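Could you walk me through this model in the viewer, one selection at a time? I would like to know what to click on next and what is there.

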Amino acid sequence: MARSYNIFIWKKAPYIRLVVPVITGILLQFYFQMEMAAIINISMIALIFLAAFIFLPESFRFRFRYLSGIFIFVLVVCLGAFITWQKDVRHHSNWYGKYIDSGSVIVATIKEPLVKKAKTFKALVNIETVINKDIRHNLAGKALIYFAQDESSEKLRYGDKVIFSKPLQDIKNSGNPGTFDYKQYCAFKQIFQQVYLINNGWILLKEKDKSSLNELVFKTRDYILNTLNKYIPRQNESSLAKALLIGYRNDLNRDLLQAYSNVGVVHLIAISGMHLAIIYFFLLWAFARIPFIKNSNITRLILVLVCLWFFAFLTGAPASVLRSAVMFTFIAIGNTFNSRNSIYNSLSVSAIVLLCYDPYMLWDVGFQLSYLAVLGIVITQKYIYNWLYFKNQLSNYIWKLASVSLAAQVLTLPVCIYYFHQFPLLFLLSNVIAIPLSTIILAGCIALVMVSPIAFVAMYLGKVIQAFIWLLNFSIISINSIPFSLWAELSISKADTLILYFFVVAFVYCLIHKSKAALQLSLFFLLVFTFNFSYQNLQSARQNKLIVYNIPRQKAIDFAIGSQYYFIGDSDVIKNPVIKNYNIQPAHITLRLHHDSHSPKSVFTKNSFYQFHNHRILMIDTSLIYYPPPEKIKVDYIIISKNPALHISSIASVFDCKQYIFDASNSLWKIEQWKKECEELNLHFHSVSEQGAFVTDL
């Protein structure tokens with residue numbers, strides 16, 4: 001049986017053989033950064049060998065037929081590497097980064113509606129012109145501009161052009177352990193630099209640069225938002241409707257969002273393949289029951305694709321929806337023109353198309369989860385569904401829905417734990433409730449937008465949708481409040497994730513093919529995972545670290561002692577859930593810190609001095625006058641916070657310090673002064689705001 005299954009996969013889904021080398025080429029280029037000359041040379045060598053192989057005797061070619069496959073594999077790997085090299089805008093001759101210097105004047109065009117932040121407006125821009133000493137360069141490349149909030153910046157719109165001379169800065173990470181790699185995230189989107197502009201730091205030009213299609217998309221998006229605000233007036237319900245329909249989450253309650261994440265249904269409000277899957281299978285079911293449509297495969301295909309892409313347009317066509325729309329388009333085409341078409345073939349073709357368009361999608365969490373969830377459903381759902389049998393139609397429907405949720409989790413579980421560090425234990429219950437309700441709400445929101453010109457109908461439909469959203473929110477919050485509903489603070493490495501996938505694949509193979517060898521292999525990988533995970537926990541139990549966090553305008557310091565931590569800093573860091581969840585909590589999860597030790601035995605403190613094992617640390621956050629003692633006091637680290645009025649020279653006359661640390665609560669101009677003093681005195685220093693969080697073993 002295993003042999004026939006393998007033949008089915010490779011013969012019926014030949015594009016699997018292409019998607020693997022394409023992904024291999026993308027990975028090789030990303031991690032090893034090959035030069036274009038090397039890619040071309042390897043391609044030419046493989047092509048020459050392949051051409052020579054064709055002219056060899058037939059008996060030789062048959063005997064060594066695998067060689068042609070190797071040459072083709074290498075060629076496709078080179079194709080993946082070439083696409084990745086070409087996608088990196090820094091390799092292009094007209095990238096603006098090659099022309100900018102300290103005196104450059106820059107003209108930028110706003111490419112999307114501005115996003116309102118706490119004190120700024122964030123704008124994605126195209127750098128179109130760089131002027132150096134009256135020499136004008138027409139260039140290309142994306143950047144981020146943060147405009148200070150004022151009357152002028154509030155008037156900025158998509159297509160506006162601004163001119164400024166403030167130098168662009170490289171995008172940097174905070175450096176806090178375990179936090180989101182924002183620099184890499186922006187790099188995947190080909191954004192490498194940013195700038196903060198105040199009111200008198202830029203000028204709005206009269207000319208505009210707008211795309212008719214983009215403008216239509218943005219206007220449609222605004223129309224949808226206004227419609228939902230008008231006919232679903234309650235804040236929580238309206239914000240969820242906007243998140244469900246078009247992925248707009250700017251005004252979504254953070255506690256509500258966290259509740260959806262905790263119970264395993266956050267995918268419902270992060271526009272993903274689930275939305276397209278719901279609509280796709282519903283359309284197949286509906287059109288198969290319409291007399292004049294069910295008998296025409298072509299008509300049914302056209303209608304399904306039109307509806308799918310119409311929904312993609314309604315959502316504002318974000319990347320996640322486009323990805324899912326392409327995937328289901330290939331699935332629909334494959335099923336229509338080839339009744340024996342393998343869905344693996346459709347998935348492979350869609351993945352190749354998407355990765356050729358943007359190879360960096362490979363690192364997109366949504367891309368990974370979309371394909372893994374669909375693969376999990378395709379491979380395992382029917383076997384899981386056959387575990388139980390119900391005569392009652394309602395019970396059978398609920399079990400079928402539950403089997404789909406279970407199947408989707410099979411291949412997404414390791415990735416979810418790796419990225420999100422938690423596992424919702426009640427995901428089955430929440431999905432059985434949330435998926436039908438969200439399907440009704442999604443259909444209702446689409447209908448609401450379509451009937452919005454008829455105010456009377458839209459008003460009553462909005463009330464019905466609002467009631468269903470309230471019921472969905474109530475259900476999710478109730479499930480989230482159940483004790484032990486979430487297994488949180490899970491931290492696994494990339495190696496752990498890979499081992500988990502080996503276990504999952506072997507175990508699924510065992511269930512499908514009843515293979516004893518696969519069962520033994522799965523148990524082996526589970527044992528390896530358990531050993532590796534336990535070893536990492538043991539290492540964490542022995543750790544002793546000092547962490548000075550990079551949180552703007554905040555003092556935040558942790559002593560990590562085994563699985564405990566001792567926090568020193570501003571109360572806002574702990575009380576503010578946004579600051580804590582995005583800066584402190586990821587570090588605690590990554591370092592496996594679970595308990596707050598208010599009076600650790602390992603840390604001895606007196607006044608501003610801290611003794612941690614054999615290391616002495618001095619923390620300064622107030623202005624003091626220092627008088628040189630007969631002999632300098634030895635300390636390992638001096639941490640300066642809160643902009644105290646002092647000179648490094650006066651501190652250096654009192655303390656013999658290995659390294660000075662200026663945390664992110666200090667002003668940048670003051671840090672610059674201290675850095676200059678340190679350089680003059682040949683003292684080691686670390687600026688947290690510029691160099692990222694300070695993390696060291698003690």
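Before the first click, one cut-off: a residue counts as buried when its relative accessible area is under 20%, as exposed when that area is over 50%, and as partly exposed in between. Keep in mind too that this is a predicted model.

**Stop 1: a salt bridge with a buried partner**

Select Asp570 and Lys642. They form a salt bridge, and their closest N and O atoms are 2.6 Å apart. Lys642 sits in the loop between β19 and α24 (648–652), while Asp570 belongs to the loop between β14 (564–569) and α22 (571–575), so this pair ties together parts that are 72 residues apart in sequence. Now apply the cut-off: Asp570 has 17% relative accessibility and therefore counts as buried. Lys642, at 34%, is partly exposed.

**Stop 2: another link between loops**

Next, pick Lys555 and Asp621. Here the salt bridge has its closest N and O atoms 3.2 Å apart. Asp621 is in the loop between β18 and β19 and Lys555 in the loop between β12 and β13, so the pair connects parts 66 residues apart in sequence. Lys555 is buried, with a relative accessible area of 8%, whereas Asp621 is partly exposed at 31%.

**Stop 3: the sheet around β12**

From Lys555, move to strand β12 and select residues 544–548. How many of the residues of β12 are buried? The count is 5 of the 5, so the strand is largely enclosed by the rest of the structure. In a regular strand, side chains alternate between the two faces of the sheet. Colour the residues of β12 by side: Asn544, Leu546 and Val548 are on one, Lys545 and Ile547 on the other, and all are buried, so that both faces are covered.

Now show the neighbours. Strand β13 (residues 556–561) runs antiparallel to β12 and is joined to it by 5 bridges; look for Val548, whose bridge partner in β13 is Ile557. Strand β22 (residues 694–697) is also antiparallel to β12, with 4 bridges between them, and there Lys545 has Asp697 as its bridge partner.

Zoom out to see the open sheet of 5 strands, ordered β15-β14-β13-β12-β22, with mixed pairing. β15 (595–596) and β22 stand at its edges with a single partner strand each, so one side of each has no neighbour in the sheet.

**Stop 4: the six-stranded sheet and its helix**

Select β16 to β21 next. They make an open sheet of 6 strands in the order β16-β17-β18-β19-β20-β21, again with mixed pairing. Its edge strands are β16 (603–606) and β21, each pairing on one side only. On average, neighbouring strands in this sheet are turned by 25 degrees against each other, direction ignored.

At the β21 edge, strand β20 (residues 655–662) runs parallel to β21, and 3 bridges join them. Ile661 stands opposite His686 in β21. Add helix α25 (residues 668–680) to the view: this helix packs on the sheet, touching β19 (633–640), β20 and β21, and its direction makes about 160 degrees with that of β21.

Stay on β21 (residues 685–687) and click Ser687. Is Ser687 buried or exposed? At 0% relative accessibility, Ser687 is buried. Beyond residues up to four places away in sequence, Ser687 touches Phe662, Ile671, Lys675 and Gly692.

While you are in this sheet, look at the loop between β17 (609–612) and β18 (615–620), where you will find His613. His613 has a positive phi of about 55 degrees although it is not a glycine, and it is partly exposed at 38% relative accessibility.

**Stop 5: back towards the start of the chain**

Jump to Asp134, in the loop between β3 (120–132) and β4 (135–138). Asp134 is another non-glycine residue with a positive phi, of about 70 degrees, and it is exposed, with a relative accessible area of 79%.

Finish on helix α8 (residues 212–231), where Glu215 and Lys219 are 4 residues apart and thus separated by about one helical turn. Their side chains meet in a salt bridge (3.8 Å, N to O). Glu215 is partly exposed at 23%, and Lys219 is exposed at 52%. For one last selection, take Glu128, Lys161 and Glu207, which are linked in a network of salt bridges. Across the whole structure, a search finds 14 salt bridges.

Key
Residues are numbered from 1 along each chain as its sequence is written. This is a predicted model: local features need pLDDT of at least 70, side-chain atom pairs count only at pLDDT 80 or more; totals for chains, interfaces and linings use all residues. Side-chain values use heavy atoms; hydrogens and water are left out. Helices (H or I, at least four residues) and strands (E, at least two) are DSSP runs, numbered from the N terminus. Buried means under 20% relative accessible area, exposed over 50%, partly exposed in between (1.4 Å probe, protein chains only). Contact means heavy atoms within 4.5 Å. Two strands pair if DSSP finds at least two bridges between them. Axes are lines fitted to C-alpha atoms, for helices over the stretch in contact, and angles run from 0 to 180 degrees between N-to-C directions. A salt bridge is a side-chain nitrogen of Lys or Arg within 4 Å of a carboxyl oxygen of Asp or Glu.
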